[in-house]
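I opened a notebook page for this chain. I wanted to look up a few residues, then cysteines, cores and salt bridges.

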Amino acid sequence: MRSLKLSLRLWLLANLVFSTVFITILFVLGNKNNELPFAILVIPASIIGSIPILIALMVLLPLIKRMRYFAYTRWHALLTLLLLTCLPYGIIGALLNLHEFATFDVVHAFAIVAAISGILFGCHLAAVALSIDQVNAWIKNGPMPLPKTITHFKQTTAKLVPVKTLFHHFKTSTSMNTPELNEQLETQAYEPEQTNSSYNKSLIKAVITAFLILGMLIPTAYIINLVEEREKRHKEVVQEVSSKWASAQTLTTPYLYIPYLKSVVNDTGKLVVVKKIWIAPASTLKVSSEMVPEVRKRSIYNVLLYRSNTAISGTIVLNNNKEIKPENMLLSEASLCIGISDVKGIEENISIQFDGKAYELEPGLPEYAINKKGLSVPLNLAIENISKPMPFSLDIKLKGSEQLHFLPLSDNSQFEIKSTWPDPSFDGSSLPKERTISDAGFTAKWSFNKANLPVLNQSYQADTNKENMAFGVTMVQTADQYAKTNRSVKYALLFISLTFAMFFIIELMQQRPVHPVQYILVGIALIIFYTLLLSIGEFIGFNYAYGIAATATVLLIGMYATSLFDSLKTSLLFSSFLAMLYGFIYVLIQLEDTALLAGSIGLFVLLAVAMHFSKKINWYGKPVTPKQVLA
């Protein structure tokens, strides 16, 4: 009956823990309104799905209890049984995911089995920790193994009577009372109840510590949401300021918009004349742009803006298109166009010198032009304009936010962008041919021709997609505290697990018990580190904020460790370990290409240190000789 009650208790508590953790994660990571109906179904689904585990426990726990096992052997048998009952669920989960892969992936399947089985096993370990008194009573109430040798004798009968009574019994009332036996008993016998009790406590504390580490992941999820929320707020502020100033700009170089007539055969087989559009780009082009950065402050956020002064010059030749006859061109309807993605950024009227005449560009573009937004001016061209190159030049003063791109519609072109901003990011379809970056700013140069811009070798139609040819520069704010804070939060599990493990090792080595509530307080201090990092970083940047938050956290936990272990030496050792851990994570955050290598080496060293200290721990309790007991 005791085994059946224990089976039912462990099964119910494991379902409760699983449902609680699952629903919590669901609400933290999902939409509460949309996920509420699904969350309600978690509890009955968990109960129904885990009925095989309940049956296995009810059948096998009585068998384990009736067998003549030692107490620690029953502990091993119980934990092994719980693990084996969880393993089939992991295998089933891996099989259900095989349809997503064209070929069988052993590594992925093993990861799914380990993840599902580990989660379920963790819930059962939590149930064991919550039922520790009932489990201990169940383990101690079973039959003891028969003594076969003196070695087994010390592990069995001493559980039933004190060691002192055993020695008195064997010395006075048994035929086995010999000097040799007395000497052997005095050197080998010890109090196994103390050993088993110490072993059980260490095992239980390890299980509780592991469960607390997993529990600390819940507030970590809230921290991740907080970082994303603050980053979203920052982007909203940047977008708000940019909408009033001007957004990122893409400037399309000047081109001619020329309608022409073409004879085509319609659906009925008749020859008809239709109007089409020819986009005539520049034959040669030279663009020089200077960006002047401006940092505007809105509340606690910095918004990076710029003003640019762009000089454009080149020539346009119309006789290089052999597909369109000059007499079919409607030159009187031609227009000169440039594309600007956000016309709100135009600071001054734009005048262009074209073929020796001055024109002032007006907002708006003809129908079927390349761009949706920009400026244009009608041109009344004549047939003689086809046979000669037509030079042009203009200056554009443009405002924008962070990014400036160009769309190079030209057979041969050269671009140059320079600025005093020291942190550029060259992006788009092409990287610069030459670039110079220093603390004083940057200079970048591009050059194109028909060979490396093959799309321009086609007939220049208005429906040709040329947006993928844009290139340029984005001014980067290197103090992106949100991205770095988000990266540091990803190491929260490493922080918490290593800190708790260090506490656990010190607790075992010094025999100074630490209550689970005190573990939770230390975990909360580690979580608050990220809120300090986020809030302070919004004012003074990530690097200084990391130093301040890490120093405050190390001092707080170090002083708390002093009161827990009553040892300044232990506190300094633990504080040094925590400080090195924070320093190690800071280096990983700063690295990019070698972050994985440095992290792997660092974790290997930490594992070696943990293995070294684990050798000094008496995991099964300290033996007590008969002389110590009699004394």
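**Entry 1. Glu 236 and Arg 233.** I started with Glu 236, which is partly exposed at a relative accessible area of 38%. I noted that the model is predicted. Next I looked for a salt-bridge partner. I found Arg 233, with the closest N and O atoms 3.9 Å apart. The cut-off for a salt bridge is 4 Å, so this pair counts. Arg 233 is also partly exposed, at 38% relative accessibility. I then checked where the two sit. Both are in helix α12, 3 residues apart, so about one helical turn separates them.

**Entry 2. The other salt bridges.** How many salt bridges are there by this rule? I get a count of 10. I followed Glu 294 next. The side chain of Glu 294 meets that of Arg 296 in a salt bridge, 3.0 Å from N to O. Glu 294 also pairs with Arg 307, where the closest N and O atoms are 2.3 Å apart. That second pair links distant parts of the chain. Arg 307 is in strand β3 and Glu 294 is in strand β2 (residues 271–298), 13 residues apart. I followed the shared partners further. Glu 294, Arg 296, Arg 307 and Glu 347 are joined into one network.

Buried or exposed? I checked three members of the network. Glu 294 counts as buried, at 17% relative accessibility. Arg 296 counts as partly exposed, at 36%. Arg 307 is partly exposed too, with a relative accessible area of 29%.

**Entry 3. Gln 249.** I moved on to strand β1 (residues 249–265), where Gln 249 is placed. Gln 249 is buried, with a relative accessible area of 0%. What does its side chain reach? I found the backbone oxygen of Lys 399 at 2.8 Å from the side chain of Gln 249. The backbone oxygen of Asp 342 lies 2.9 Å from a polar atom of the Gln 249 side chain. I also listed what Gln 249 touches beyond four places in sequence. Among the residues are Tyr 306, Ile 340, Gly 345, Leu 398, Gln 403 and His 405.

**Entry 4. His 405.** That contact led me to His 405, in strand β10 (residues 403–407). His 405 counts as buried, at 9% relative accessibility. Which side chain makes a polar contact with the side chain of His 405? I found that of Asp 427, at 2.7 Å. Looking past neighbours within four places in sequence, I see His 405 in contact with residues including Gln 249, Thr 250, Leu 251, Gly 428, Ala 470 and Phe 471.

**Entry 5. Ile 338.** I then took a nonpolar residue, Ile 338, in strand β4 (residues 334–340). Ile 338 counts as buried, at 2% relative accessibility. I checked its C-alpha atom against that of Ile 370. The two are 32 residues apart along the chain, and their C-alpha atoms are separated by 9.3 Å. Outside four places in sequence, the contacts of Ile 338 include Thr 252, Pro 254, Leu 361, Leu 365, Leu 394 and Ile 396.

**Entry 6. Nonpolar cores.** In soluble globular proteins, nonpolar side chains tend to be buried together. I looked for such groups here. The largest nonpolar core has 55 residues. Which of them touch the most other members? They are Phe 503, Tyr 546 and Tyr 582. I checked which elements feed this core. Those that each supply at least two residues include α11 (192–215), α12 (217–245), β3 (301–316), α14 (492–510) and α17 (568–590). Apart from it lies another core, of 49 residues. Among its members are Leu 318, Val 377, Leu 394 and Phe 415.

I went back to Tyr 546 for its contacts. Not counting residues up to four places away in sequence, Tyr 546 touches Phe 495, Phe 529, Leu 533, Tyr 582, Ile 585, Tyr 586 and Ile 589.

**Entry 7. Cysteines.** How many disulfides does a search of the whole structure find? I get 0. Cys 86 is in no disulfide, and its nearest cysteine sulfur is that of Cys 123, 8.2 Å away. Why is there no bond between them? The sulfurs are too far apart for one, because a disulfide needs them within 2.5 Å. I checked burial as well. Cys 86 is buried, with a relative accessible area of 0%. Cys 123 counts as buried at 7% relative accessibility.

Definitions and conventions: Residues are numbered from 1 along each chain as its sequence is written. This is a predicted model: local features need pLDDT of at least 70, side-chain atom pairs count only at pLDDT 80 or more; totals for chains, interfaces and linings use all residues. Side-chain values use heavy atoms; hydrogens and water are left out. Helices (H or I, at least four residues) and strands (E, at least two) are DSSP runs, numbered from the N terminus. Buried means under 20% relative accessible area, exposed over 50%, partly exposed in between (1.4 Å probe, protein chains only). A polar contact is a pair of N or O atoms within 3.5 Å; within protein, one must be able to donate a hydrogen and the other to accept it, and residues adjacent in sequence count only if both atoms are side-chain atoms. Contact means heavy atoms within 4.5 Å. A nonpolar core is a set of buried Ala, Val, Leu, Ile, Met, Phe, Trp, Tyr and Cys residues joined through side-chain atoms within 4.5 Å.
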